[in-house]
Amino acid sequence: MSKERPEGGDSELRRDLATMSYELREGVAIVTLNRPEARNALDVPMRQELADLIAEIRDDDRVKAVILTGAGGVFCAGGDLRGLKEKRTSAQSYKRIADLHVWLPSLVNLEKPVIAAVDGPAFGGGMNLALAADFVLASDNARFCQVFGRIGLVPDLAGMSLLPRLVGLQRAKELVFSGRTLRPDEAKEMGIVHSVHAPDQLQDAAFALARRFCNASTLAIGLAKNILNQSFNLDQRAMAELEAMAQALCMDSTYHKEAVQRFLDKEPALFDWDSMDKKEAAT
């Protein structure tokens, strides 16, 4: 059973679940995988709790951005190998993996920015869980590995879809076939990691990035994310239709109308990334 308690205001809370914790702070949802004794491996209860939290976050208008991280100096070691020792038929094994794709698309296409804050290992399914985020921030201690081949398996948790989009097909094959470990600097060079931080600064950096989106239009970011995620699958005409429909929805939004009025009144924009850069540099 979860325990929920307020944290500093009516709109903020913290809830401890069986395999993770959930915190809502200043518009940022923080999901922390919390099975450090098992290196935050993705067992079945954790998968179900993730699915439930993603659905809750999707429908909570207070949430403007999401941080996904792990406790105990580990992001996620992937699947729970103890569970793999259970005897299953091929049909049962198929269903075990297929069930991941019931909830995983909801994370990949969640219409809010998602930031993975990776400290320590992100191996196998753990690496692919990080790839489901929009931005991956890594500590100097982070390690990434498509470890599946070491035990005679192929990538799951959408790794064979997400990884080639980030690094290209040839590099994806190299990482999958070799099962070698990536350090954060190389992962950044490949386009997997957005930025690298000292371990004690990682969570603050992730929160600062997430907070930047709190004054943005959730509608505009959500629609842009949804359409961009389809850009490798649809032709130009289909993309143009989606673009036109999304723009029409945004133009009819209160956020857009108020932003235009602020411009006409020569008031500062509520969401201005360049101004945020300058403010951060000055502090």
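## Contacts around Lys-225

Two residues are in contact when heavy atoms of theirs lie within 4.5 Å of each other, and with that in mind one can ask which residues Lys-225 touches in this predicted model. Leaving aside residues up to four places away in sequence, Lys-225 touches Leu-107, Val-108, Asn-109, Leu-110, Lys-112, Val-114 and Asp-134. Lys-225 itself is found in helix H10, which covers residues 218-228. With a relative accessible area of 7%, Lys-225 counts as buried, because buried means under 20%. As for Ile-30, 195 residues apart from Lys-225 along the chain, the C-alpha atoms of the two are separated by 20 Å.

Lys-225 can also be placed among other residues of its helix, since Gly-222, Leu-223, Lys-225 and Ile-227 are buried in H10. What covers the buried residues of H10 includes helix H4 (100-108), strand S6 (114-118) and helix H11 (236-251).

## A chain of two hairpins

Strand S2 (residues 13-16) and strand S3 run antiparallel and are joined by 4 bridges, and together they form a hairpin with 3 residues between them. Within this pairing, Arg-14 stands opposite Glu-23 in S3. Strand S3, which spans residues 20-25, is mostly covered, for 5 of its 6 residues are buried.

S3 also pairs with strand S4 (residues 28-33), again in the antiparallel sense, and here 6 bridges join the two strands. Tyr-22 stands opposite Val-31 in S4. In a regular strand, side chains alternate between the two faces of the sheet. The hairpin of S3 and S4 has 2 residues between the strands.

## Two residues with positive phi

Which value does phi take in Glu-26? Phi of Glu-26 is near 55°, a positive value in a residue other than glycine. Glu-26 lies in the loop between S3 and S4, and it is partly exposed, with a relative accessible area of 39%.

Ala-158 likewise has a positive phi, of about 65°, although it is not a glycine. Ala-158 lies in the loop between S9 and H6. Is Ala-158 buried or exposed? At 17% relative accessibility, Ala-158 counts as buried, because the cut-off for that word is under 20%.

## An open sheet of three strands

Another part of the model is an open sheet of 3 strands, in the order S7-S9-S10, with mixed pairing. Strand S7 (121-123) and strand S10 (181-182) stand at the edges of this sheet, and because each has a single partner strand, one side of each is left without a neighbour in the sheet.

S7 pairs with strand S9 (residues 143-145) in the parallel sense, over 3 bridges. Within this pairing, the bridge partner of Pro-121 is Arg-143 in S9.

## Helices H6 and H7

Two packed helices are described by the angle between their axes and by the distance between those axes. Helix H6 (residues 159-167) and helix H7 (residues 169-178) pack at an angle of about 125°, with their axes 7 Å apart. H6 and H7 are therefore oblique to each other, because an angle of about 125° lies outside the ranges for roughly parallel (under 35 degrees), roughly perpendicular (65 to 115) and roughly antiparallel (over 145). The crossing of these two helices, H6 and H7, is right-handed.

Which residues make the contact between H6 and H7? On the side of H6 they are Leu-163, Pro-164 and Val-167, while on the side of H7 they are Leu-169, Arg-171, Ala-172, Leu-175 and Val-176.

## Cysteines without disulfides

A disulfide would need a pair of cysteine sulfur atoms within 2.5 Å, and by this rule the count comes to 0 disulfides. Why is Cys-76 without such a bond? The closest cysteine sulfur to that of Cys-76 is in Cys-145, and because it is 13 Å away, it is too far for a bond. Cys-76 is buried, with a relative accessible area of 0%.

Cys-250 is in no disulfide either, and the nearest cysteine sulfur, that of Cys-214, is 18 Å away. Cys-250 is also buried, with a relative accessible area of 12%.

Definitions and conventions: Residues are numbered from 1 along each chain as its sequence is written. This is a predicted model: local features need pLDDT of at least 70, side-chain atom pairs count only at pLDDT 80 or more; totals for chains, interfaces and linings use all residues. Side-chain values use heavy atoms; hydrogens and water are left out. Buried means under 20% relative accessible area, exposed over 50%, partly exposed in between (1.4 Å probe, protein chains only). Two strands pair if DSSP finds at least two bridges between them. Axes are lines fitted to C-alpha atoms, for helices over the stretch in contact, and angles run from 0 to 180 degrees between N-to-C directions. A crossing is left-handed if the near helix is turned anticlockwise from the far one by less than a right angle, and right-handed if clockwise.
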